[in-house]
Amino acid sequence: MRPRPPVNGRGIFSGTGIIITGLTATLLAMIFPVWSYEDRSGTGLNVLNAETVSTGYGPLSGLDREFLTKVRLAGLWELPAGRQAQQKGTTEAVRTAGRHLVEGHMFLDERVRDVAAKLRMELPNEPTEQQREWLAILDSAQGVEYEHQFANILRLAHGKVFSVVAQVRAGTRNSLVRKLADDANSTVLDHITVLEATGYVDFDAVARDMVADSTPPLTPSPAPPGPAVDPAPAVPVTPPPSPTYSLPPAATSPRPKDAAGF
């Protein structure tokens, strides 16, 4: 009997190759997410280091500089908005909220200009386009409509700044920025409180705005500090060292809507 021919070796290795290739692909699929995650985990730190500069008061990050810019910008439009509320407000609560805005941002504007000068950082001298649009809305509104727009526009703006203040205060390594964040936190919280005490704030709209998180930053991250001209004061007035006013009584029930729905 003639011996049987050997089994084709190419077939054996072909099947084995498929198995090995499959195992290798599975192993790579398991390993890749780990490598990918490790790469992403270092991205935030790399960006932080790249945007941070050294100062005599500690490292100054890109977020620190954005915070200083936003504090300055807030004063450039909320000061006139507060003065306007004192004149156009028909209720004592709205006029009181306007006074708090004026006094609080006079105080913060002096503080942020002092900090920026020590850090050799340039600050803006004009509000942003969106802030000018908000002021235009308030200029054109009257009566109850004005008070509704005033309370809600300012409350939404303060809510966005409040979250930035908390983030900066939690993570900044600069002693000047840390102290300014303390002052800003107290002032912004006070403003949120008096705006809500007007009884006009639409809390459903506030909640939707905060969860949407779709509004871009007011400004791009400012450039690293360098020789800069001291910005002009927002108002030619020396603010008190600290707020000395009392809060108005909180609204205990929603205000009745008028015929216009406000």
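This is a dialogue on how to read salt bridges, aromatic pairs, nonpolar cores and helix packing in a predicted model.

Me: How many salt bridges does a search of the whole structure find?

Reply: The search of the whole structure finds ten, and since the model is predicted, each is a feature of computed coordinates. One of them joins Asp-114 to Lys-118, where the closest N and O atoms are 3.3 Å apart.

Me: Where do Asp-114 and Lys-118 sit along their helix?

Reply: Both belong to helix α4, which covers residues 92-119, and because they are four residues apart there, about one helical turn separates them. As for exposure, Asp-114 has a relative accessible area of 35% and is therefore partly exposed, and Lys-118, with 42%, is partly exposed as well.

Me: Which other salt bridge lies within one helix, with its two residues about one turn apart?

Reply: Lys-179 and Asp-183 are also four residues apart, this time in helix α7 (residues 175-196), about one turn of that helix. Their side chains meet in a salt bridge with an N to O distance of 3.0 Å. The two partners fall into separate exposure classes, because Lys-179 is partly exposed at 42% relative accessibility, whereas Asp-183 is buried with a relative accessible area of 12%.

Me: Which salt bridge links distant parts of the chain?

Reply: The side chains of Asp-209 and Lys-160 meet in a salt bridge at 3.0 Å, N to O. This pair links distant parts of the chain, for Asp-209 is in helix α8 (residues 203-212) and Lys-160 is in helix α6 (residues 143-171), with their positions 49 residues apart in the numbering. Lys-160 counts as partly exposed, at 28% relative accessibility.

Me: Which residues are linked in a network of salt bridges?

Reply: Arg-72, Asp-109 and Arg-113 are linked in such a network.

Me: What describes a pair of aromatic rings?

Reply: The description rests on the distance of the centres and the angle of the planes. In this structure, the search finds two aromatic pairs. In one of them, the ring centres of Trp-77 and Trp-134 are 5.0 Å apart and the planes stand at 45 degrees, so the pair is tilted. The two residues come from distant parts of the chain, Trp-77 from helix α3 and Trp-134 from helix α5 (residues 129-140), 57 residues apart. Both exposure values fall in the buried class, since Trp-77 has a relative accessible area of 1% and Trp-134 one of 18%.

Me: Is the pair of Tyr-146 and Phe-150 stacked or tilted?

Reply: Tyr-146 and Phe-150 form a stacked pair, with 6.0 Å from centre to centre and 20 degrees between the planes. The cut-off behind that reading is that planes under 30 degrees apart count as stacked. Because the two residues are four apart in helix α6, about one helical turn separates them, and both Tyr-146 and Phe-150 are buried.

Me: Which residues of the largest nonpolar core touch the most other members?

Reply: That core has 23 residues, and those touching the most other members are Phe-67, Leu-68, Leu-119, Val-177 and Leu-180. The elements giving two or more residues to this core are α3, α4, α6 and α7, and α7 gives the most, with seven residues. Val-177 shows how such a position is surrounded: leaving aside neighbours within four places in sequence, it is in contact with Leu-60, Asp-64, Phe-67, Leu-68, Leu-119, Val-168 and Thr-172. A second, separate core of 21 residues includes Val-94, Leu-135, Leu-138 and Ile-153.

Me: What describes two packed helices?

Reply: They are described by the angle between their axes and the distance between the axes. Here, α4 and α6 pack at an angle of about 35 degrees, with axes 11 Å apart, and α4 passes α6 in a left-handed crossing. On the α4 side the contact is made by Val-94, Ala-97, Gly-98, Leu-101 and His-105, and on the α6 side by Glu-147, Phe-150, Leu-154 and His-158.

Me: Is Thr-52, in the loop between α2 and α3, buried or exposed?

Reply: Thr-52 is buried, because its relative accessible area is 18% and the buried class covers values under 20%. The loop holding Thr-52 runs between α2 (43-51) and α3 (62-88). Apart from neighbours within four places in sequence, Thr-52 is in contact with Pro-59, Leu-60, Ser-61 and Arg-173.

Technical notes: Residues are numbered from 1 along each chain as its sequence is written. This is a predicted model: local features need pLDDT of at least 70, side-chain atom pairs count only at pLDDT 80 or more; totals for chains, interfaces and linings use all residues. Side-chain values use heavy atoms; hydrogens and water are left out. A salt bridge is a side-chain nitrogen of Lys or Arg within 4 Å of a carboxyl oxygen of Asp or Glu. Buried means under 20% relative accessible area, exposed over 50%, partly exposed in between (1.4 Å probe, protein chains only). Contact means heavy atoms within 4.5 Å. Rings of Phe, Tyr and Trp (its six-membered ring) pair if their centres lie within 6.5 Å; planes under 30 degrees apart count as stacked, over 60 as edge-to-face and the rest as tilted. A nonpolar core is a set of buried Ala, Val, Leu, Ile, Met, Phe, Trp, Tyr and Cys residues joined through side-chain atoms within 4.5 Å. Axes are lines fitted to C-alpha atoms, for helices over the stretch in contact, and angles run from 0 to 180 degrees between N-to-C directions. A crossing is left-handed if the near helix is turned anticlockwise from the far one by less than a right angle, and right-handed if clockwise.
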